[in-house]
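Please open the structure in your viewer, with the sequence alongside, and follow the stops below in order. Each stop says what to select and then what is found there.

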Amino acid sequence: MSTTGATADPLAALGSLPGVADSVESVRKAVDRVYGHRIMRRRGNEITSEAALRGARGSAALSGADWALEEVRRRTDFSGDDEARIIGAALRLTAEAGQLLSIWRQSPLRVLARLHLVAAAERGDAVGRPRRDGETADEPLVELPLPDADAVAGRLEGLSQLIIAGGSAPALVTAAVVHGELIALRPFASHNGLVARAAERIVLIGSGLDPKSICPAEVGHAELGRAAYLAALDGYVSGTPDGMAAWIAHCGKAVELGARESAAVCEALQRGAA
């Protein structure tokens, strides 16, 4: 996304794209329905915990580790094969995201570095910092052209400035742009998809749209499927108004599906079946 142009608030300008206002309103209604469920008053913490687990499973599925929810719930050791490590990284990121809200608006680049460090769970020269010249990104499920290190640095700085400046853009628009930009850039040597979706979660929580983190967009992204995810991402990367609007709408649908998932959990708890 270009962060320069005639408007002083390019994120807010995206909110006026055709169909985006409808997506924003639809998401708000879906989120409000879950927060209004009677079980939330008594067992909200349980809903938050379950949403975190399901969100991590969904994010991992989009990064190539599509495990059954009960398998994720059952396992305690995620140090085995590549898929297990992806699941472990997703779980760690989901737990970490809520701890970084106070830092995000002041220093988003610091938060992104921390997210990558948590995801990688290892020490090394490439961990917790953007790629340098000649370094590649291990994100095999995303086949978009990889921007060079200078482009990454410039666009990350532009994204950071937009977040710090704030503005009037709806939370959905900001979350979609953060998510899309990080996938397009793949700024780290690994785990970019997981980091991008964790950053989306941080925006949705910190904006007040989903303050208790009970509407996991990652669930919706996984339910919509990898093919639809990548097709919508192509629209974002194109930078066209239609492409950007399609990506924002896709992210909106993901949040709605995440809200629906938590509504089903509320119903199950209310019936005493969960």
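Which residues line the largest cavity? Before selecting them, keep in mind that this is a predicted model. Select Leu62, Ser63, Glu139, Leu141, Val142, Ile183, Gly193, Arg197, Arg226, Tyr229 and Leu230, which together form the lining of the largest cavity. Two elements, H10 and helix H12 (226–238), give two or more residues to this lining, and the largest share, 3 residues, comes from H12. Sorted by class, the lining of the largest cavity divides into 6 nonpolar, 2 polar and 3 charged residues. The space inside the largest cavity is about 60 Å³, and the count of cavities of 30 Å³ or more comes to 3.

**From the cavity to the pocket**

Turn next to the largest pocket, where about 510 Å³ of space lies. The elements that give two or more residues to its lining are helix H5 (82–97) and helix H7 (108–120), and H5 provides the largest share, 4 residues. To centre the view, select Arg85, Ile86, Asp138, Ser190 and His191, which lie nearest the centre of the largest pocket among the 24 residues that line it. If you colour the lining of the largest pocket by class, you should find 11 nonpolar, 5 polar and 8 charged residues.

**Two loop residues with positive phi**

Stay with His191, one of the residues nearest the centre of the largest pocket, and look at its backbone. His191 is found in the loop between helix H9 (171–185) and helix H10 (192–206), and its phi is near 60 degrees, a positive value in a residue other than glycine. Is His191 buried, partly exposed or exposed? With a relative accessibility of 22%, His191 counts as partly exposed.

Now move to Ser213, whose place is in the loop between H10 and helix H11 (217–224). Ser213 also is not a glycine, and its phi is positive, at about 55 degrees. The relative accessibility of Ser213 is 10%, so this residue counts as buried.

**The nonpolar core**

For the next selection, show the side chains of Leu14, Ile47, Trp104, Leu112, Leu115, Val178 and Trp247, which touch the most other members of the largest nonpolar core, a set of 81 residues. Then keep Trp247 alone and display what surrounds it. Which residues is Trp247 in contact with, leaving aside its neighbours within four places in sequence? The partners of Trp247 on that basis are Ala176, Val177, His179, Gly180, Tyr229, Ala232, Leu233 and Tyr236. Tyr229 is a residue you have already selected, since it is listed in the lining of the largest cavity.

**Salt bridges**

The last stops are pairs of charged side chains. Side chains of opposite charge can pair when their charged atoms come close. The structure holds 17 salt bridges, and three of them are visited here, beginning with the one that Glu50 forms with Arg73, where the closest N and O atoms are 2.8 Å apart. Glu50 lies in helix H3 (residues 40–62) and Arg73 in helix H4 (residues 69–74), so this pair ties together parts that are 23 residues apart in sequence. Glu50 counts as buried at 14% relative accessibility, whereas Arg73, at 36%, counts as partly exposed.

Select Arg114 and Glu96 next, a salt bridge in which the closest N and O atoms are 2.9 Å apart. Because Arg114 lies in helix H7 and Glu96 in helix H5, the pair ties together parts that are 18 residues apart in sequence. Arg114 is partly exposed, at 36% relative accessibility, while Glu96 is buried, with a relative accessible area of 16%. Helices H5 and H7 were met earlier, as the elements that give two or more residues to the lining of the largest pocket.

The third pair is Arg132 with Asp125, whose closest N and O atoms are 3.1 Å apart. Here Arg132 has a relative accessibility of 44% and counts as partly exposed, and Asp125, at 55%, counts as exposed. To finish, select Glu50, Arg54, Glu70, Arg73 and Glu261 together, and you will have a network joined by salt bridges that share partners.

Terms used
Residues are numbered from 1 along each chain as its sequence is written. This is a predicted model: local features need pLDDT of at least 70, side-chain atom pairs count only at pLDDT 80 or more; totals for chains, interfaces and linings use all residues. Side-chain values use heavy atoms; hydrogens and water are left out. On a 1 Å grid over the protein atoms alone, a cavity is a set of points where a 1.4 Å probe fits but cannot get out, and a pocket is an open set with protein on both sides within 12 Å along at least five of seven lines; lining residues have an atom within 4 Å of a point. Grid points are joined across faces, edges and corners, and a volume is the space filled by probe spheres set on the points. Ala, Val, Leu, Ile, Met, Phe, Trp, Tyr, Cys and Pro count as nonpolar, Asp, Glu, Lys and Arg as charged, and the others, Gly among them, as polar. A nonpolar core is a set of buried Ala, Val, Leu, Ile, Met, Phe, Trp, Tyr and Cys residues joined through side-chain atoms within 4.5 Å. Buried means under 20% relative accessible area, exposed over 50%, partly exposed in between (1.4 Å probe, protein chains only). Contact means heavy atoms within 4.5 Å. A salt bridge is a side-chain nitrogen of Lys or Arg within 4 Å of a carboxyl oxygen of Asp or Glu.
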